[in-house]
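Dear colleague,

I am passing on the structure below, together with some notes on its charged and aromatic side chains. Please look at it first and then read on.

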Amino acid sequence: MSSFPGGRLSDCLEALLVVAVLATSAAQAGQEVRFFQSQARSSFLEGELRDLEIGPLGTIRLGDRARRLASIDEPFLFTAAAHRKGWVLGTGNSGNVLMVSRQGDVKTIFSASEPEIFALHVDSDGTIYAGSSPNGKVYRIKDGRGEEFFDPQEIYIWAMTRSFEGELLVATGTDGKLFSVDSQGKGRVVYDSKDSHLRALKVVPGGDLIIGTAGLGLVLRLSGDGRVKTLFDAAQPEVVALTTDPEGIIYAALLASEASLVDLSEVATAKSTHEKGQDAADSEGSASTQATEVE
């Protein structure tokens, strides 16, 4: 049996059937019948797709369906995290933490004293950690009860994640400090940046931590022994999110906005200073007392 470029035999037969039906309809309507042959993904993408996806080999399949799950009666939704019961949302300007069930039911499970919830982390047992701002605190929500867990004495709490050692990592601003917090809520500074905000965190295989900053717009790698390395110096002043793919490639979401909490008038000066020969450690700060300066 001969091969069929761009997909399996069944895919090609389905495509021919669709063309035949269209041709019959056009002939019955007295229109000119025209046949088109597409064997590549780029050819299909020239058309308008509706509820379909084109695979890398040109195959056509039904696309993912998006549906409205719930209506949130809050002016701002700042962050979200998956939970075994559904999803947890951090909102503003009432400092509410919401639980959205898989059926779409919405319930307020905690209200902070501070107006914004910018950061959430959910442990595998369902325990929720919510970072409030400004004059931020970390709250622990467990078994339907929320309590203050850690107070870093910082204005903003931007991101949280677990280290490979199991401690809670808390990224803050406006002093750009990273805290490691034990199970008793006792924290210590493990990285003190000279950038204003540590906005995003991502632990990668091997235990290193990727950090996105706001001010200079840097993507940094913090190793377990305290060494800091600049991976990327963005033109935009804020690195607001980080993720990795299965091959270990790091992706960073960047932002430059008039609504930014970063003073953009100072960014150009800071960038110029950074690029004129200051080494990475001088520009970024040093990681705890064991940090080694990295060019």
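At its relative accessibility, does Glu 147 count as buried, partly exposed or exposed? Because its relative accessibility is 28%, Glu 147 counts as partly exposed. Please bear in mind throughout that this is a predicted model, and that the values below were computed from it.

Salt bridges

The count comes to nine salt bridges, and I describe some of them here. Glu 147 pairs with Arg 140, and the closest N and O atoms of this salt bridge are 3.2 Å apart. Arg 140 has a relative accessibility of 22%, and therefore counts as partly exposed. The pair does not stand by itself, for Arg 140, Arg 145 and Glu 147 are linked in a network of salt bridges.

Another salt bridge joins Arg 227 to Asp 225, with the closest N and O atoms 3.1 Å apart. Arg 227 is partly exposed, with a relative accessible area of 44%, and Asp 225, at 42% relative accessibility, also counts as partly exposed.

The salt bridge between Arg 199 and Glu 238 has its closest N and O atoms 2.4 Å apart. This pair links distant parts of the chain, since Arg 199 belongs to strand β15 (residues 197–203) and Glu 238 to strand β19 (residues 238–244), 39 residues apart. Both Arg 199 and Glu 238 are buried.

A buried acid without a salt bridge

Glu 74, which lies in the loop between β2 (60–62) and β3 (76–83), is buried yet has no salt bridge. Where is the nearest side chain of opposite charge to Glu 74? That side chain is Arg 68, and it is 14 Å away, whereas a salt bridge requires a side-chain nitrogen within 4 Å of a carboxyl oxygen. What the side chain of Glu 74 does make is a polar contact with the side chain of Asn 96, at 2.8 Å. Leaving aside residues up to four places away in sequence, Glu 74 touches Thr 91, Gly 92, Ser 94, Asn 96 and Leu 98.

Aromatic rings

For the aromatic side chains, the count comes to eight pairs. In one of them, the rings of Phe 150 and Phe 179 have their centres 5.5 Å apart and their planes at 65°, so the pair is edge-to-face. Because Phe 150 lies in strand β10 (residues 145–150) and Phe 179 in strand β13 (residues 177–181), the pair ties together parts that are 29 residues apart in sequence. Phe 150 is buried, with a relative accessible area of 7%, and Phe 179 is buried with a relative accessible area of 7% as well.

A further aromatic pair, that of Tyr 156 and Trp 158, is stacked, with 5.1 Å from centre to centre and 20° between the planes. Tyr 156 and Trp 158 are both buried, and they belong to one aromatic cluster together with Phe 76, Phe 78 and Phe 118.

Charges over rings

Trp 158 also brings us back to the salt bridges, in that the charged end of Arg 199 sits over the ring of Trp 158, 4.1 Å from its centre. Arg 199 thus appears twice in these notes, over the ring of Trp 158 and in the salt bridge with Glu 238. Elsewhere, Arg 102 lies over the face of Trp 87, at 5.4 Å from the ring centre.

With best wishes

Definitions and conventions. Residues are numbered from 1 along each chain as its sequence is written. This is a predicted model: local features need pLDDT of at least 70, side-chain atom pairs count only at pLDDT 80 or more; totals for chains, interfaces and linings use all residues. Side-chain values use heavy atoms; hydrogens and water are left out. Buried means under 20% relative accessible area, exposed over 50%, partly exposed in between (1.4 Å probe, protein chains only). Helices (H or I, at least four residues) and strands (E, at least two) are DSSP runs, numbered from the N terminus. Lys and Arg count as positive and Asp and Glu as negative; His and the chain ends are not counted. A polar contact is a pair of N or O atoms within 3.5 Å; within protein, one must be able to donate a hydrogen and the other to accept it, and residues adjacent in sequence count only if both atoms are side-chain atoms. Contact means heavy atoms within 4.5 Å. Rings of Phe, Tyr and Trp (its six-membered ring) pair if their centres lie within 6.5 Å; planes under 30 degrees apart count as stacked, over 60 as edge-to-face and the rest as tilted. A charge sits over a ring if NZ of Lys or CZ of Arg is within 6 Å of the ring centre and within 35 degrees of the ring normal.
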